[in-house]
Amino acid sequence: MVAPRWLFWHRRDLRLADNLGLHAMAAVTPALTGVAVLDPADLQAATMAPSRRWFQGESLRELQQRWRQAGSRLLLLEGDPEVLLPALALALGARGVAWNRDVEPLVRQRDRRLAEALQRQGLQVAADWDQLLVPPEQLLTGAAAPYRVYGPYWRAWERQPKADPVPAPTDLHDLPDGWELALGALPLVAAPPREPWNAGDEPLALPGEAAALDQLQAFAAGPLRRYDDCRNLPAEPGTSGLSAALRIGTLGPRTAWAASSEALADCRSEEEERSVTVWRQELAWREFYQQALFHFPELADGPYRPLWRHFPWENDPDRLEAWQQARTGVPIVDAALRQLIETGWMHNRCRMVVASYLVKDLIIDWRCGEAFFMAHEIDGDQAANNGGWQWSASSGMDPRPLRIFNPATQAARFDPDGVYIRRWLPELRHVATADLLSGAIAPLERPGYPAPIVDHRQQQARFKAMYATLSRAADGSS
Ligand SMILES: Cc1cc2nc3c(=O)[nH]c(=O)nc-3n(C[C@H](O)[C@H](O)[C@H](O)COP(=O)(O)OP(=O)(O)OC[C@H]3O[C@@H](n4cnc5c(N)ncnc54)[C@H](O)[C@@H]3O)c2cc1C
């Protein structure tokens, strides 16, 4: 008997190993064909960072090879998945289409429409969770409500059982000869287009499943054990750099978790154990923001706390442009923005600093920063980015009402020798460290580099006054 053919649609899971949906389908039938859809609506949007496009394209290229090694193939199509997948399934006589679920509101709506279209055609659909260690519906508070605060979420999340990684499928059955003819006019692409992104000599993250695994192993063998001490120092290679791999899905979360369990089992000190736990807390932040977006899709459209809907943002276009061009005159802010623009990645500590600066020093709506990050981040992820921006703006699920970072204090604490600032602003290499950190650089010391566009103390006072007025108005009307 001929095994029924299924299609497996890769989205943010560009790997064969530790892929729950693919593993489950391979247990149903070896007649599996992979498919990925290059959707111009996604790829050309301003939200698709060139670095992410490159990472995704190269990862797909590797995935095509892996499908061949597993005995079948990954078909690449270009167009709208809602149109193409039903047509492809029909053309290949497939019994159904399987994929892993996502939390993003627009993706979920699209998936619902697509599932209905496939079912109307008499095809089956299989969609379950893969990208999270703990699926969003599985973890609710005692009152059966979603978590809104990270602390209790982490404590409950940590206690949840976590699945082991599953192996990559092998011995799959390829399409029968002549399959190309069956596709007719469907827009098949032989390989992903080469994206013109210069990742530099030592890219932080390399595309593909094999590179992600190597990077995880190297991190687990060394920096993970010192993570707690080094994770906040942007000049140090103290974090995993795995965010793009986790975002594009060249690394599965169970594999990351298993590496942390192995590391925990052979820690040599309490410090090492603490470091592994702190790293696990970051994996939990990733899941916290994803479950938040899943349960509160309105986060994608604006502030979580209603007060912020009425904040009188100044949105000065010149100031926004200065921030976007890394020309604010505040060295730690400009260094961090240059790192993002040049590499597609920015250290987490610096993401918090530049976000706070945009919102609370420049008094610009955080959504401008959110969009700019999405257009530049190699790891651009709606849930993490929106969560990070709302946290920094104080408009999100953070219980602290107003959090303001002083860039000079942050620089002095986390880049005390100015190594990070000098790396990204070489034109200021000669400036004395104290001046680099404070930002008080004499005009002759900074030819071509701007003076600070605003004064932090003044802006902070101004922002607090605006916030107080808004809070009083909100209290008065409630
Ligand atoms: C304003 C702002 C925007 C952000 N935008 C994104 C984004 O678009 N995509 C993204 O993946 N992360 C985002 N982050 C979170 C964080 O900065 C990055 O995940 C982290 O810097 C990635 O580096 P790493 O892989 O070395 O992390 P590690 O320190 O090694 O952490 C391991 C993994 O945990 C996850 N993680 C770590 N910190 C966070 C966090 N605060 N929130 C959610 N997940 C986290 C990431 O998947 C990361 O790879 C943002 C943070 C802020 C403040």
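**A walk from the ligand outward**

Let's start at the ligand: 28 residues surround it, and Thr239, Ser240, Ser243, Asn385 and Gly388 come nearest. Keep in mind as you look around that this is a predicted model. What kinds of residues make up the shell around the ligand? By class, there are 10 nonpolar, 10 polar and eight charged ones. Several helices help to build this shell: α10 (243-248), α12 (270-295), α15 (348-361) and α17 (382-393) each put in at least two residues. Which of them gives the most? That's α17, with six residues.

Now zoom out to the whole chain. You can count 21 helices and six strands in the protein chain. Along its principal axes, the C-alpha trace spans about 80 × 55 × 50 Å. A compact globule of 478 residues would have a radius of gyration near 23 Å, and the protein chain has 24 Å, so the two agree. Buried residues make up 41% of the 478. And if you take the contacts with a separation of 6 or more, 79% of them are between residues 24 or more positions apart.

Next, find strand β4, which covers residues 96-100. Is this strand mostly covered or mostly open? It's mostly covered, with five of its five residues buried. Gly96, Ala98 and Asn100 point one way, while Val97 and Trp99 point the other way. That fits a simple rule: in a regular strand, side chains alternate between the two faces of the sheet.

Which strands does β4 pair with? One is β1 (residues 6-9), which runs parallel to β4 and is joined to it by four bridges. For example, leucine 7 has valine 97 in β4 as its bridge partner. Another is β5 (residues 124-128), also parallel to β4, with five bridges between them. Here asparagine 100 is partnered with aspartate 128 in β5. To get from β4 to β5, the chain passes through helix α5 (residues 105-120), and this β-α-β crossover is right-handed.

One last stop: phenylalanine 372, which sits in helix α16 (residues 366-374). Why does phenylalanine 372 count as partly exposed? It has 19 C-beta neighbours inside 10 Å, and a residue needs 20 or more to be buried, or 12 or fewer to be exposed. Phenylalanine 372 also shows you how folding links distant parts of a sequence: alanine 49 is 323 residues away along the chain, yet the C-alpha atoms of these two residues are separated by 9.3 Å.

Methods: Residues are numbered from 1 along each chain as its sequence is written. This is a predicted model: local features need pLDDT of at least 70, side-chain atom pairs count only at pLDDT 80 or more; totals for chains, interfaces and linings use all residues. Two strands pair if DSSP finds at least two bridges between them. A crossover is right-handed if, with the strands pointing away from the viewer, the path from the first strand over the helix to the second runs clockwise. The radius of gyration is taken over C-alpha atoms; the globule rule is 2.2 Å times the number of residues to the power 0.38. Two residues are in contact if their C-beta atoms, placed from the backbone, lie within 7 Å. A residue is near a molecule or strand if its C-beta atom, placed from the backbone, lies within 6 Å of it. Ala, Val, Leu, Ile, Met, Phe, Trp, Tyr, Cys and Pro count as nonpolar, Asp, Glu, Lys and Arg as charged, and the others, Gly among them, as polar.
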